[in-house]
Amino acid sequence: QVQLVESGGGLVQPGGSLRLSCAASGSIFSINDMGWYRQAPGKQRDLVATITSGGRTNYADSVKGRFTISRDNAKNTVYLQMNSLKPEDTAVYYCNADILDGLAYVDYWGQGTQVTVSS
């Protein structure tokens with residue numbers, strides 16, 4: 001059984017910063033891409049950023065220059081450093097990982113962590 005556990009969400013004022021973490025645990029043989037997605041109320045879940053096992057990153061245009069994704073392969077953990085936060089960044093943020101847990105790679109999701117940007 002594989003689990004993704006997120007932490008680091010909360011309430012922050014506009015212009016502030018937060019750092020999200022997501023740790024994968026369980027029967028893990030290998031992890032390919034890891035990433036962060038977000039879903040605002042009444043909207044679809046959208047990509048925020050992804051990172052390959054080799055460290056290549058991809059960002060949504062709306063967060064480029066403000067957010068940084070990174071990972072620690074030894075700890076099976078992915079991070080999202082969020083700076084210069086805006087009210088429109090308010091959403092539930094979900095961790096995602098493509099994990100080899102047996103014979104095939106499976107797409108796993110975390111439970112989500114709320115990020116609220118408000119004064």
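## Worked exercises on a predicted model

Setting aside neighbours within four places in sequence, G15 is in contact with S84 and L85; contact here means heavy atoms within 4.5 Å. Before you dig in: this is a predicted model, where local features need pLDDT of at least 70 and side-chain atom pairs count only at pLDDT 80 or more, while totals for chains, interfaces and linings use all residues. Residues are numbered from 1 along each chain as its sequence is written, and side-chain values use heavy atoms, with hydrogens and water left out.

### Exercise 1: a glycine and its partner

Work out where G15 is found, and whether G15 is buried or exposed.

Solution.
- Step one, the place: G15 is found in the loop between β2 (10-12) and β3. Strands (E, at least two residues) and helices (H or I, at least four) are DSSP runs, numbered from the N terminus.
- Step two, the surface: G15 has a relative accessible area of 52%, so it is exposed. The cut-offs, with a 1.4 Å probe and protein chains only, are under 20% for buried, over 50% for exposed, and partly exposed in between.
- Step three, a distance: G15 and V5 are ten residues apart in sequence, and their C-alpha atoms are 26 Å apart in space.
- Step four, the partner: S84 is in the loop between β8 and β9, and at 42% relative accessibility S84 counts as partly exposed.

### Exercise 2: positive phi without glycine

Find the sign of phi at S84 and at N76, then describe the surroundings of N76.

Solution.
- Start with the background: most residues other than glycine have a negative phi, and most peptide bonds are trans.
- Now check the two residues. S84 is not a glycine, yet has a positive phi of about 50°. N76, not a glycine either, has a positive phi of about 50°.
- Place N76: this residue is in the loop between β7 (67-72) and β8 (77-82). At 23% relative accessibility, N76 counts as partly exposed.
- Look around, leaving aside neighbours within four places in sequence: N76 is in contact with C22, A23, A24, I28, I31 and M34.
- One more ruler: N76 and W36 are 40 residues apart along the chain, with 14 Å between their C-alpha atoms.

### Exercise 3: the sulfur pair

One of the contacts of N76 is C22; which cysteine does a disulfide join to C22, and what handedness does it have?

Solution.
- Count: a search of the whole structure turns up one disulfide (a pair of cysteine sulfur atoms within 2.5 Å).
- Identify: C22 is joined to C95, S to S 2.1 Å.
- Locate: C22 sits in strand β3 (residues 18-25) and C95 in strand β9, so the pair links distant parts of the chain, 73 residues apart.
- Handedness: the torsion about the S-S bond of C22 and C95 is about -80°, so the disulfide is left-handed.
- Burial: C22 is buried at 0% relative accessibility, and C95 is buried with a relative accessible area of 0%.

### Exercise 4: two polar side chains

List what the side chains of N96 and Q39 reach.

Solution.
- N96 is in strand β9 (residues 91-100) and is buried at 8% relative accessibility.
- The side chain of N96 makes a polar contact with the side chain of D107 (2.9 Å). A polar contact is a pair of N or O atoms within 3.5 Å; within protein, one must be able to donate a hydrogen and the other to accept it, and residues adjacent in sequence count only if both atoms are side-chain atoms.
- The N96 side chain also reaches the backbone oxygen of Y108 at 3.2 Å.
- Q39 lies in strand β4 and is partly exposed at 26% relative accessibility.
- A polar atom of the Q39 side chain lies 3.0 Å from the backbone oxygen of K43.
- Beyond four places in sequence, the contacts of Q39 are Q44, R45, A91, V92 and Y94. For Q39 and Y94, 55 residues apart in sequence, the C-alpha separation is 8.1 Å.
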